[in-house]
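The following exchange works through one protein model by question and answer. Please look over the sequence and the coordinates before reading on.

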Amino acid sequence: MGAERSKHTRSQCDKILAHMQSGKGISQYEAAQKFGCYRLSARIWDLRDRGYEISKQMVTKKNAEGNSVSFAVYRLEGDAE
């Protein structure tokens with residue numbers, strides 16, 4: 001099971017990386033919708049561990065009920081060394 005999980009994790013990292021390399025930021029909601037990734041912060045940690053410089057910006061918006069919600073948006077700042 002460990003090898004299968006590792007392959008799945010790597011695949012999610014690659015998809016998230018490609019998304020960010022296209023100049024787009026990514027939030028947890030987008031990661032779940034587009035890539036089935038429910039642990040975005042863990043995948044960001046994996047990418048940082050691979051040498052990618054990734055910034056985090058906290059964003060506050062109103063939800064459908066009019067309440068303020070805050071969430072992180074991650075962006076690629078540089079390439080791996």
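Buried means under 20% relative accessible area, exposed over 50%, and partly exposed in between, with a 1.4 Å probe and protein chains only. Helices (H or I, at least four residues) and strands (E, at least two) are DSSP runs, numbered from the N terminus. This is a predicted model, in which local features need pLDDT of at least 70 and side-chain atom pairs count only at pLDDT 80 or more, while totals for chains, interfaces and linings use all residues. Residues are numbered from 1 along each chain as its sequence is written, and side-chain values use heavy atoms, with hydrogens and water left out.

Q: In what order do the elements of the protein chain run from the N terminus on?
A: The protein chain has 3 helices and 3 strands. Of its 81 residues, 35% count as buried. Read from the N terminus on, the elements run α-β-α-α-β-β.

Q: In what order do the 3 strands form the open sheet?
A: Two strands pair if DSSP finds at least two bridges between them, and in this sheet the pairing is antiparallel. The edge strands, each pairing on one side only, are strand 1 (26-27) and strand 2 (54-62). Strand 1 pairs with strand 3 (residues 68-76) over 2 bridges. The order of the open sheet is 1-3-2.

Q: What angle does the direction of helix 3 make with that of strand 2?
A: Helix 3 (residues 40-49) packs on the sheet and touches strand 1, strand 2 and strand 3, where contact means heavy atoms within 4.5 Å. Axes are lines fitted to C-alpha atoms, for helices over the stretch in contact, and angles run from 0 to 180 degrees between N-to-C directions. On that basis, the direction of helix 3 makes an angle with that of strand 2 of about 160°.

Q: Which residues of helix 3 are buried?
A: The helix spans residues 40-49, and it is followed by Gly51, whose phi is positive, near 105°. The buried residues of helix 3 are Leu40, Ala42, Arg43, Ile44, Asp46 and Leu47.

Q: Which residue in strand 3 stands opposite Ser27?
A: Ser27 has its place in strand 1 and counts as buried at 7% relative accessibility. Not counting residues up to four places away in sequence, Ser27 touches Leu40, Phe71, Ala72 and Val73. The residue of strand 3 that stands opposite Ser27 is Val73.

Q: How far does the backbone oxygen of Gly36 lie from a polar atom of the side chain of Gln12?
A: Gln12 lies in helix 1 (residues 2-21) and is buried, with a relative accessible area of 6%. Leaving aside neighbours within four places in sequence, Gln12 is in contact with Phe35, Gly36, Cys37 and Arg43. The C-alpha atoms of Gln12 and Cys37, 25 residues apart along the chain, are separated by 6.8 Å. From a polar atom of the Gln12 side chain, the backbone oxygen of Gly36 lies 3.3 Å.

Q: Why is the sulfur of Cys13 not in a bond with the closest cysteine sulfur, and what is the count of disulfides?
A: A disulfide is here a pair of cysteine sulfur atoms within 2.5 Å. The closest cysteine sulfur to that of Cys13 is in Cys37, and because it is 7.7 Å away, it is too far for a bond. Cys13 counts as buried at 2% relative accessibility, and Cys37 is buried too, with a relative accessible area of 0%. By this rule, the count of disulfides comes to 0.

Conventions: Polar contact = N/O pair within 3.5 Å; in protein donor to acceptor, adjacent residues only side chain to side chain.
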